[in-house]
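Me: Could you take a close look at one part of this model for me? I'd like to know how far to trust it, and then what else you can tell me.

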Amino acid sequence: MSRFRGLGAVAIALIALAAILFSAPRAQAQRQPNTPRGACGGAITGTLSASTIRMCDPVDVTVRMVPDCPVCPGGVNVVFVQVDKAFQAEWMVQESVSAFNKLRDYERDRTVRVGVVHYNSTQVKKVLQITDKIESARGPLSVPAYGHDPHGDFVGAARAALEMLREVRKKAASSTDTPCEFIIYFASTKNIFQDDGRNMLEAAQMIRGQDVELFVGCPENVADYCDFTRQMPATPRNYTEHNERGKLGRMVDNQMTELESDVMMRDLYMTQILPKGLAYVDGSASVPPSKITDIGDKVTLNWEWKQIRSTDPHTLTYRAEPVTEGVHAIEGWMRAVDMENQRQDLIMPTQVVTVSGMCLPPSPTPTDTPTDVPTPTPTHTPTHTPTHTPTPTHTPTHTPTFTPTPTPAPIYLPIIVNERCTVQWVYSDVVMVMDMSTSMNRATGSGRTKLEATLDAARLFLTRLDLTPDGQGRSDRVAVVGFNAKAWIEQGLTNDAGALHGAIDRLPAGQAQQTRLDLGFERGLDAVRPAIGEPNTTPVIILLTDGLPNMVPVDPGDGTMETTVRKAAQRAKEAGIRVYTVGVGLPEDINQTLMAQCASAPGNFFYTPNAEDLASIYAGIAYSFGCPAGRHDWGQPWP
């Protein structure tokens, strides 16, 4: 905070991409257009800055589009291929269950099917045909036992897994939806067994040749038993072995994240129709429309986006002004076109604004009356008081002139409040608490992940601080905390920039599932506790998350996770900590009410759907640290 001298403000602009032309007959705005339904769809919503305005008031229109092209529309089909005995059988089972649990996370969005194959040197057995009742796979995945078979029917096991995937495709032959297919294959052989090694590589080639994603694990703890296994996957990132715990689950999660981020939409169009009672304010749109057309008594605004990621939301705003009084309906729709050129049109709920009442000029201000009435009085009184009596004559003449309005008008009294933010050396002890759940790996609008954008914003935040000690040894200090299923202090309070950058770089190593917001607040309080009560410093917690509370113990009072989170934040606030909260992600993924309640004040909560806005949010927060508490909140009545 570089010894801040005042308060700053955060402005978050949601800017969409530039546009070209799209137009449609206005009759289509009244009904769902008759076009083929494509794979891509989504949602479009509109909001108005006010539902009732006067003739002199403009209305701001905000349109949010969330396009969606389904990933793996035919579902996710996975076959686990396990050797029935291995020296690291326990590790193989644990990694299989880790990947299985990760697959379950994706069931809410699509159908997931799982099959299991066991093999050794003498037989291959399909122990579980592919099924969408995936919980039934948990038992077969836990069967492999400790032991060793130096050989194996690797090609036969690969063939069995591919046959199972083909059977599922045949059953779904009438559907045009394509599934995503994975094979998770465990194999090993001693490097002196060249024939077995060649069979392993042949099995891998068979799988990859069918465009099936192959993940490979070596269930042995002797290096030369894994030499051929390492060569099986197409990329080293799809390989794991016994000393890597949980990697197989991360490999599956990363693959799904990549699939979701790579889905592209050919075109996205958006149209808005203003009725004759409203007019578009030129230049007011956050993204200029590609074309503005007068169609009869209506105005049509058109936008277009080309070659966009299907997960990128688009928000734009524009302004309309009244032309006539009455009830006016703003209509609109968006059209999503997939890479196969199939399209789907989605209607925006009609937005209605009522225009009522003219804007009258204000009544004469009180400053005119005292100017004219007292002026003649002092001018004539000293000289003509004995001989003249025009003063009473003048007074009644002017009195009606300055009271033409029969209705009462407010009187405004000047007031000077001696309240200011005094220039002083103010330092801050800040704890950056960052969500390290796996959902942070999802892509932003720029193509990089939310995690990458968050870490870059945190690094930039450090540059806003004064980490260099002054003559009294004082400076800003920062701590770094991560949380998911647990929470940990990666770096305690320090002004060592190198240590802080190192802590930020290390955070991703702790990524895991779940969002324990309560633990995030608790570890944040632990990290800043040494600074509580120190003079001329502001203790601060900034907690960032991209998700809802997950696996948080419910409060015994009302049985909700939200109350547990609120109480954890309240403990920090009661300790004198200024709490900021930041939500990044889709609106349905953030409990904005909860996050605002957790912050020290509603204005200390910031939300953005785009992680690329985080740098400006952090910068704005930094510039709000300068003045101590105790100033009047001008949004509240004066006491």
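For residues 627-639, where does pLDDT stay, and how many contacts beyond four places in sequence does the model have?

Reply: This is a predicted model, and over residues 627-639 its pLDDT stays under 50. For that stretch the model has 17 contacts beyond four places in sequence. I'd be careful with those contacts, because predicted coordinates should not be read in detail where pLDDT is low.

To put that in context, the chain averages a pLDDT of 81, with 79% of the residues scoring at least 70. Residues 1-38 also have pLDDT below 50, and this stretch has 122 contacts in the model beyond near neighbours in sequence.

Now for some helix packing. Helix α9 covers residues 450-463 and helix α10 covers residues 497-506. Their axes lie 10 Å apart at an angle of about 170°, so α9 and α10 run roughly antiparallel to each other. On the α9 side, the contact uses Leu 455, Ala 458, Arg 459 and Leu 462; α10 brings in Leu 500, His 501, Ile 504 and Asp 505. By class, that contact has five nonpolar residues, one polar and two charged.

Then there's the empty space. The structure has one cavity of 30 Å³ or more, and the largest cavity holds about 40 Å³. Its lining is made up of Val 83, Lys 85, Tyr 119, Asp 149, His 151, Phe 154, Ala 187, Ser 188 and Glu 220. Sorted by class, the lining of the largest cavity comes out as four nonpolar, two polar and three charged residues.

Methods: Residues are numbered from 1 along each chain as its sequence is written. This is a predicted model: local features need pLDDT of at least 70, side-chain atom pairs count only at pLDDT 80 or more; totals for chains, interfaces and linings use all residues. Side-chain values use heavy atoms; hydrogens and water are left out. On a 1 Å grid over the protein atoms alone, a cavity is a set of points where a 1.4 Å probe fits but cannot get out, and a pocket is an open set with protein on both sides within 12 Å along at least five of seven lines; lining residues have an atom within 4 Å of a point. Grid points are joined across faces, edges and corners, and a volume is the space filled by probe spheres set on the points. Ala, Val, Leu, Ile, Met, Phe, Trp, Tyr, Cys and Pro count as nonpolar, Asp, Glu, Lys and Arg as charged, and the others, Gly among them, as polar. Axes are lines fitted to C-alpha atoms, for helices over the stretch in contact, and angles run from 0 to 180 degrees between N-to-C directions. Helices (H or I, at least four residues) and strands (E, at least two) are DSSP runs, numbered from the N terminus. Angles under 35 degrees count as roughly parallel, over 145 as roughly antiparallel, 65 to 115 as roughly perpendicular and the rest as oblique. Contact means heavy atoms within 4.5 Å. pLDDT is the predictor's confidence in each residue, from 0 to 100.
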